[in-house]
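Colleague: I would like to learn how to read pockets, cavities and a ligand site in a model. Please take me through one case.

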Amino acid sequence: MARRTTTSNDRIGEGGELHQAPAKGEVMTTAQGVPMSDDQNSLRAGERGPTLLEDFAMREKIFHFDHERIPERVVHARGYGAHGYLECVDPVTDLTRAAPFARKGKRTEAFVRFSTVAGNLGSPDLARDVRGFAVKLYTEEGNWDLVGNNIPVFFIQDAMKFPDLVHAVKEEQDRGWPQAQSAHDTFWDFISLMPESTHMTLWQMSDRTIPRSFRFMEGFGVHTFRFVNADGESTFVKFHWKPRQGMQSVVWNEAVKINGADPDFHRRDLYAAIEAGDFPQWDLGVQVFDEAFAEEFEFDVLDATKLIPEEQVPVRVIARLTLDRVASNVFAETEQVAFMTQNVVPGIDFSDDPLLQGRNFSYLDTQLKRLGSTNFTQIPINAPRCPVAHFQRDGHMQMSRQEGRANYEPNSLGGDERGPRADVDNGYTSVPREEAGQVRRVRSETFADHYSQARQFWISQTDVEQQHIVAAYGFELGKCEDPAIRTRMLGNLRNVHEDLAQGVADELGMPLPEANPAAIEPRTDLPESAALSILRNGPDSFAGRKLGVLVTAGSDGALVKAIEDAFTGAGALVEYVAPAAGPLKLKGGRKLVPDHAVVGAPSVLFDAVAVVPSAEGAQELAGRKTARDFVDDAFAHQKFLAWSADAQPLLDAAGVTPDDGCPELTAGTVAGFLAQCAALRHWERPVQD
Ligand code: HDE
């Protein structure tokens, strides 16, 4: 029932309890539809006597409540979803007959779920972790799920090792911690013994795993798939999601603090952006290549620990994804949505990537375990939007009243009694392909180079990004209790790049060990790839970002208005932070209701800050730790920090000496501040840790 205040139709019961009248004439019922007369009191014998077994209404209510939880996802438990659509911008009918790409402007309904991997359902959003990027497309030829991540490579090459990887990263079994973290012994123990994981750990230790929000990260299908056209011709394809908002991450110290200040930071961000009409968008791009390219490429295109540099096979944008509607019920939609890699449609097919093959096997099991019935495809969020007709029958929670007489095929009954038949010409057909070889448990030699692309990733990063990677390895390995794990990991990193290994060794205060033996001598000739860097692919404006404005009673109303107009005019969000949550009056008379009290809104929640208190307000804030931290953290996190002359005492108390990223604000300098903010961070400011 909707929350509301009491109305004249509400009644007070004999015990003084409130009985609310129904909204919109809607009467509360039991699950069987029986109207309820009382939702406050159980049925009892005598005013102070025992509750009766006869109370079917209470029994039913509590029975249902007791069974509300379903098992969370074994990985990717923590996630958040939204609805939207995919719009074709470049029909590629020569490459694929997949329905979404049939013609320019064609829209296909979509549901997307973003997630972290390791943490449980209630874990914080800013854990250092890979993000899931799972897209369900409800095409007219069935559901197509692209169940990807925000990193284009993976930790392992063969599905056989997935349970080991997940066991290693999850809480340690003998102690039950740490939650949502890879910074512990079992994870790095496993990784240090798995050279094939090295490339992925470079991505994992980069800022890719602490995204500013889901809106500002890339997504990847990871595996090589196939496109198949109407003539049955196939090509290989890799899928990319490119955020039209540009890429952006936070810094580690900030991530740690966001987790405390707002553990729901990412889900709140997505919800708020969509509700504000600032719909996030991604370009869907494809790298298309043929068998000949696959043969000549330096690595095996079936190896999920490798990527194909965009410089080698450019990304062609074919569609645009827009998220324009939040889920109306998180359990019904985000929790019950069942993604499966094996959900493909005519025009899409698999490659022999052993990780993908294993996934295709796995995802059906997990849905049965979590959703409890083979009929999970009938839950509205999972149900295809096109007609469904088959002879699958019955099972728990069957919602479909399948009509007609025959529930088998072949049958000879006529008319509607007969039921559906397969369509030889247009039904889904797997690409005919030759497969041969001995049946063996084996890893192809072509998968054996574990370090060359890791090195390519490293040399493609800017200095700032390299420093962050070194610091992240230092932090994570520093959390390991067993020194042998650190040594082994450093031995792996020596195979990637000496600067990286030395940097991490310095962070750990350890000497560099010998390089670990490598199955194949790492290559040093792979060129830099600009596409691998976040900072080289950032936004060109502050649109979609959030400015935190620290105000007090008596702040200069004209200056506050100039800031608000400039930033909201540029598509940014402005939120006000004040000493307390109650309304205050600015100089000039405007009454302002702040969005936050400073105690609950540290500057980590904003992309840039403006500190514009009154002179008196600045004195008062200078005496408050939360206000000093607001300023100090913004500065330490290399944010743009603008201030009015009256703010000086607060800056002094916070120990901040303004640099080029800290312009003094007057009505005339607001535009310059806004322009500066497009760079998102003043990376030139020395790091403080
Ligand atoms: Fe998953 N994965 N995975 N995975 N995965 C699941 O399915 C699995 C892998 C990914 O928002 C589970 O419904 C195996 C790679 C995402 O609901 C489970 C293997 C990639 C999501 C499962 C992999 C992913 C999942 C858990 C190795 C990136 C969340 C709950 C062979 C390309 C989807 C569920 C959502 C979820 C198994 C490897 C991405 C258990 C066995 C590689 C984004 O079925």
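What follows goes through the ligand site, the pockets and the cavities in turn.

Modeller: First, the ground rules. This is a predicted model, so local features need pLDDT of at least 70 and side-chain atom pairs count only at pLDDT 80 or more, while totals for chains, interfaces and linings use all residues. Residues are numbered from 1 along each chain as its sequence is written, and side-chain values use heavy atoms, with hydrogens and water left out.

Colleague: Where does the ligand sit?

Modeller: A molecule sits in a cavity or pocket if more than half of its atoms lie within 2 Å of its grid points. The grid has 1 Å spacing over the protein atoms alone; a cavity is a set of points where a 1.4 Å probe fits but cannot get out, and a pocket is an open set with protein on both sides within 12 Å along at least five of seven lines. Here the ligand sits in the second largest pocket.

Colleague: What volume does the second largest pocket have, and what lines it?

Modeller: A volume is the space filled by probe spheres set on the points, with grid points joined across faces, edges and corners. The second largest pocket holds about 990 Å³. Lining residues have an atom within 4 Å of a point. There are 44 of them, and Val75, His76, Phe162, Arg359 and Tyr363 lie nearest the centre.

Colleague: Which element gives the most to that lining?

Modeller: Elements are DSSP runs numbered from the N terminus: helices (H or I, at least four residues) and strands (E, at least two). For the second largest pocket, α9 gives the most, with 8 residues.

Colleague: How does the lining of the second largest pocket split by class?

Modeller: Ala, Val, Leu, Ile, Met, Phe, Trp, Tyr, Cys and Pro count as nonpolar; Asp, Glu, Lys and Arg as charged; the others, Gly among them, as polar. That lining has 23 nonpolar, 15 polar and 6 charged residues.

Colleague: Which residues come nearest to the ligand?

Modeller: A residue is near if one of its heavy atoms lies within 4 Å of the molecule. Of the 22 residues around the ligand, Arg73, Arg113, Asn149, Arg359 and Tyr363 come nearest. The largest share of this shell, 6 residues, is from α9. By class, the shell has 12 nonpolar, 7 polar and 3 charged residues.

Colleague: Which side chains have N or O atoms in polar contact with the ligand?

Modeller: A polar contact here is a pair of N or O atoms within 3.5 Å. Arg359 pairs with a ligand nitrogen at 3.3 Å. Tyr363 pairs with a ligand nitrogen at 2.8 Å. Gln367 pairs with a ligand oxygen at 3.3 Å.

Colleague: What donor does the protein offer the iron atom?

Modeller: Donors are N, O and S atoms within 2.8 Å of the metal (3.2 Å for Na, K and Ca); water is not among the atoms, so sites may look incomplete. The iron of the ligand has a single protein donor, Tyr363 (OH), 1.9 Å away. Tyr363 is placed in helix α9.

Colleague: What about the largest pocket?

Modeller: Its volume is about 1,600 Å³. The largest pocket has 48 lining residues, with Pro387, Val388, Ala389, His390 and Gln392 nearest its centre.

Colleague: How many cavities are there?

Modeller: The structure holds 4 of 30 Å³ or more. The largest cavity has about 150 Å³. Its lining has 19 residues, including Pro152, Phe220 and His240. Strand β9 gives the most to that lining, with 3 residues.

How values were computed: A polar contact is a pair of N or O atoms within 3.5 Å; within protein, one must be able to donate a hydrogen and the other to accept it, and residues adjacent in sequence count only if both atoms are side-chain atoms.
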